[in-house]
Amino acid sequence: MMRLSRLLVPLICALTLAAGAPAVAAERSATSAGTSDVPATQLDAIRRLDFMVGHWAGSGWVDTASGRQEFLQTEKVAYKAGGQVLTVEGQGRDKADPRRIVDTALAVVSYSDETGQYRWEAFSQGHITESVPVVGDRFFQWSLQTGGPTIRYTLRFTGRTWHEVGEYTLDGGATWRQNFQMDLRRVA
């Protein structure tokens, strides 16, 4: 009986692994099939934003009608949908009381082969912003039109740092005034 047990245990293990192999292969096939349906140019365009990917933390300030407010910020930037889009998920907390969340936002960056342009869709404080961002070497800029001022955010990345400046113009871009700054470090 002992001898039979020594033979059966490895056999059962081998059969269990063999039975699971088709499921693993099917999962890999489905994942790669979904990715292979996405045009390579689209995947390559999103990969140009690789410098943004990671977990970031730091602080910043924003000028509001009631004065300057300082905040602590985290950003999680990740590829989703098989590398087809990039998500940017941020959370700001009151620097004086870090338990209090002052802002949450989610943005999705995609690329259209049809237009040859990136697309930025951001969701924050009940607003939806759609924009065509400017993408450069370790550089990302997006803007939005409001009923009054035009607002733009310029992000620059150097090594492990993310420096972002927000500005607005009331004269069609002749002059810009800074009203926001954020400085983050890559933490993961």
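# Exercises on an antiparallel sheet

I151 is placed in strand 9 (residues 150-158); helices and strands are DSSP runs, H or I of at least four residues for a helix and E of at least two for a strand, numbered from the N terminus. The model is predicted, so local features need pLDDT of at least 70 and side-chain atom pairs count only at pLDDT 80 or more, while totals for chains, interfaces and linings use all residues. Residues are numbered from 1 along each chain as its sequence is written, and side-chain values use heavy atoms, with hydrogens and water left out.

## Exercise A: the setting of I151

Determine whether I151 is buried or exposed, and state which residues are in contact with I151, leaving aside neighbours within four places in sequence.

Step one concerns accessibility. Buried means under 20% relative accessible area, exposed means over 50%, and partly exposed lies in between (1.4 Å probe, protein chains only). With a relative accessible area of 17%, I151 is therefore buried.

Step two concerns contacts, defined as heavy atoms within 4.5 Å. Apart from those close neighbours in sequence, I151 touches W142, S143, L144, T146, E167 and Y168.

Step three adds a distance: the C-alpha atoms of I151 and T169 are 6.6 Å apart, although their positions lie 18 residues apart along the chain.

## Exercise B: the order of the sheet

Establish the strand order of the sheet and explain why strand 6 and strand 7 each have one side without a neighbour.

Step one is the pairing rule: two strands pair if DSSP finds at least two bridges between them. The result is an open sheet of eleven strands in the order 6-5-4-3-2-1-11-10-9-8-7, with antiparallel pairing.

Step two identifies the edges. Strand 6 (127-131) and strand 7 (134-136) each have a single partner strand, so one side of each remains without a neighbour in the sheet.

Step three considers angles. Axes are lines fitted to C-alpha atoms, for helices over the stretch in contact, and angles run from 0 to 180 degrees between N-to-C directions. With direction ignored, neighbouring strands of the sheet are turned by 15° against each other on average.

Step four adds a helix: helix 2 (residues 40-47) packs on the sheet and touches strand 2 (67-80), strand 3 (85-94), strand 4 (101-112) and strand 5 (117-124). The direction of helix 2 makes about 140° with that of strand 4.

## Exercise C: strand 3 and its partners

Find how many bridges join strand 2 to strand 3, and how many join strand 3 to strand 4.

Step one takes strand 2 and strand 3, which run antiparallel and are joined by ten bridges. Within this pairing, Y79 has L86 of strand 3 as its bridge partner. The hairpin of these strands has four residues between them, and A81 there takes a positive phi near 55°.

Step two takes strand 3 and strand 4, an antiparallel pair with eight bridges. E89 stands opposite L106 in strand 4, and the hairpin joining strand 3 to strand 4 runs through six residues.

Step three considers cover: seven of the ten residues of strand 3 are buried, and the strand is mostly covered.

## Exercise D: aromatic rings

Classify the pair of Y111 and Y118 and the pair of W120 and F140.

Step one states the rule. Rings of Phe, Tyr and Trp (its six-membered ring) pair if their centres lie within 6.5 Å; planes under 30 degrees apart count as stacked, over 60 as edge-to-face and the rest as tilted. The count by this rule is ten aromatic pairs.

Step two applies the rule to Y111 and Y118, whose centres are 5.0 Å apart with 65° between the planes, an edge-to-face pair. Both Y111 and Y118 are buried.

Step three turns to W120 and F140: their ring centres are 5.3 Å apart and their planes stand at 55°, so this pair is tilted. The pair links distant parts of the chain, with W120 in strand 5 and F140 in strand 8 (residues 139-145), 20 residues apart. W120 counts as buried at 7% relative accessibility, and F140 counts as buried at 0%.

Step four widens the view: F71, W120, F140, W142, Y153 and F180 form one aromatic cluster.

## Exercise E: charges over rings

State which ring lies under R47 and which under the charged end of R68.

Step one is the criterion: NZ of Lys or CZ of Arg must be within 6 Å of the ring centre and within 35 degrees of the ring normal.

Step two gives the cases. R47 lies over the face of Y79, 4.0 Å from the ring centre, and the charged end of R68 sits over the ring of W61, 3.4 Å from its centre.
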